[in-house]
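Please walk me through this structure, beginning with a helix and its surroundings and ending with the bound ligand. I would like the account to stay with what the coordinates show.

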Amino acid sequence: MLDGQKVDYDGITARIRALCEGETDAVALMATVVCEIHHGHPFCDWTGFYRVVGPELLKIGPYQGGHGCLVIPFSRGVCGAAARTGRVQNVPDVEAFPDHIACSSSTKSELVLPVWNGAGVLLGVLDLDSDTPAAFTQADEDWLVPLLAEVFREAA
Ligand code: SME
């Protein structure tokens, strides 16, 4: 991550909370979260959700940036690893990640987080891609994990 460029976590969080208040529709929540993170985080060059649409299967959801691949099985890619393991995937160098799926040749680093609702249902994964190497930090993870749990708690 480049020194000096800070992420306005509080500002993005405040906008997401205000816009999502009272909403439970998962797609509406996803579209709003993606918009605010993409435009608020200085290192997000592609921001989007992949939704769980069947056993071990992800399909693209709301996103910002260039086109993304439509279908990802849990067995493939950084997104599949996040969905399969239930663990955050912070990839500082996508070239070093086995079976990384390159939707854009400019992507250098990636942060993918699994997203559950309050009933423990895996709704999908949030994928942040950056053209900057090692763009995402532990602070990004510490910010997003509880925020996503809060926003999607009541989502169906
Ligand atoms: N890079 C992801 C695929 C999604 S495109 O980057 C938008 C992966 O390896 O799962």
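**From the helices to the ligand**

In helix H2, the buried residues are Ala26, Leu29, Met30, Val33, Val34, Glu36, Ile37 and His38. The model is a predicted one, and the description that follows should be read with that in mind. The cover over these buried residues of H2 includes H1, E1, E2, E6 and H4, a list of helices and strands to which the text will return. The 15 residues of H2 should span 21 Å at 1.5 Å a residue, and since its end C-alpha atoms are 21 Å apart, the helix agrees with that expectation. At the start of H2, the backbone nitrogen of Val27 has a side-chain oxygen of Asp25 within 3.2 Å.

Helix H1, which takes in residues 9-20, has twelve residues, and the 16 Å from its first C-alpha to its last is close to the 16 Å expected at 1.5 Å a residue. Its buried residues are Gly11, Ile12, Thr13, Ile16 and Cys20, and among the elements that cover them are helix H2 (26-40) and helix H4 (138-151). H1 and H2 therefore each appear in the cover of the other's buried residues, H2 over those of H1 and H1 over those of H2. Just after H1, Gly22 adopts a positive phi of about 85 degrees.

Strand E1, part of the cover over H2, can be followed through two of its residues. Thr47 has its place in this strand, which runs over residues 46-54, and with a relative accessible area of 0% Thr47 is buried. Its side chain makes a polar contact of 2.8 Å with the side chain of His38, a residue that is itself buried in H2. Leaving aside neighbours within four places in sequence, the residues in contact with Thr47 are Val34, Ile37, His38, Pro62, Tyr63, Gln64, Leu126, Asp127 and Leu128. Gly48, also placed in E1, is buried with a relative accessible area of 0%. When residues up to four places away in sequence are not counted, Gly48 touches Val34, Pro62, Tyr63, Val125, Leu126 and Asp127. The C-alpha atoms of Gly48 and Ala156, which are 108 residues apart along the chain, are separated by 18 Å.

Leu128, one of the contacts of Thr47, belongs to strand E6 (residues 122-130) and is buried, with a relative accessible area of 0%. Not counting residues up to four places away in sequence, Leu128 touches Ile37, Cys44, Trp46, Thr47, Ser109, Glu110, Leu111, Phe136 and Leu144. The C-alpha atoms of Leu128 and Thr107 are 21 residues apart along the chain and 10.0 Å apart in space.

Two loop residues deserve attention for their backbone angles. Most residues other than glycine have a negative phi, and most peptide bonds are trans. Glu56, in the loop between E1 and strand E2 (57-64), has a phi near 60 degrees, a positive value in a residue other than glycine. At 51% relative accessibility, Glu56 counts as exposed, because the cut-off for that class is over 50%. Asp99, found in the loop between strand E4 (89-91) and strand E5 (109-116), likewise is not a glycine and has a positive phi, of about 65 degrees. At 37% relative accessibility, Asp99 counts as partly exposed.

Which residues are around the ligand? They are Trp46, Tyr50, Ile72, Gly77, Val78, Cys79, His100, Ile101, Cys103, Glu110, Asp127 and Asp129. Trp46 and Glu110 are also among the residues that Leu128 touches, and Asp127 is a contact of both Thr47 and Gly48. Two of the polar approaches to the ligand involve the backbone: an N or O atom of the Cys79 backbone lies 2.8 Å from an oxygen atom of the ligand, and an N or O atom of the Ile101 backbone lies 2.7 Å from a ligand nitrogen atom. A side chain takes part as well, with an N or O atom in that of Glu110 lying 2.8 Å from a nitrogen atom of the ligand. Of the 310 Å² of accessible area that the ligand has on its own, the protein covers 99%.

The two cysteines around the ligand, Cys79 and Cys103, lead to a last point. Are they buried or exposed? Cys79 is buried, with a relative accessible area of 3%, whereas Cys103, at 31% relative accessibility, counts as partly exposed. A disulfide is a covalent bond between the sulfur atoms of two cysteines, and the structure holds zero disulfides. Why does Cys79 form no such bond? The closest cysteine sulfur, in Cys69, is 7.2 Å from the sulfur of Cys79, which is too far for a bond, given that a pair of cysteine sulfur atoms must lie within 2.5 Å to be counted as a disulfide.

Notes: Residues numbered from 1 in each chain as written. Predicted model: local features only at pLDDT ≥ 70, side-chain atom pairs only at ≥ 80, totals over all residues. Heavy atoms only, no water. Helix = DSSP H or I, 4+ residues; strand = E, 2+ residues; numbered from the N terminus. Expected span 1.5 Å × (residues − 1). Buried < 20%, exposed > 50% of the residue type's maximum accessible area, 1.4 Å probe, protein only. Contact = heavy atoms within 4.5 Å. Near = heavy atom within 4 Å. Polar contact = N/O pair within 3.5 Å; in protein donor to acceptor, adjacent residues only side chain to side chain. Areas by Shrake-Rupley, 256 points an atom, 1.4 Å probe, with all protein chains shown as cover.
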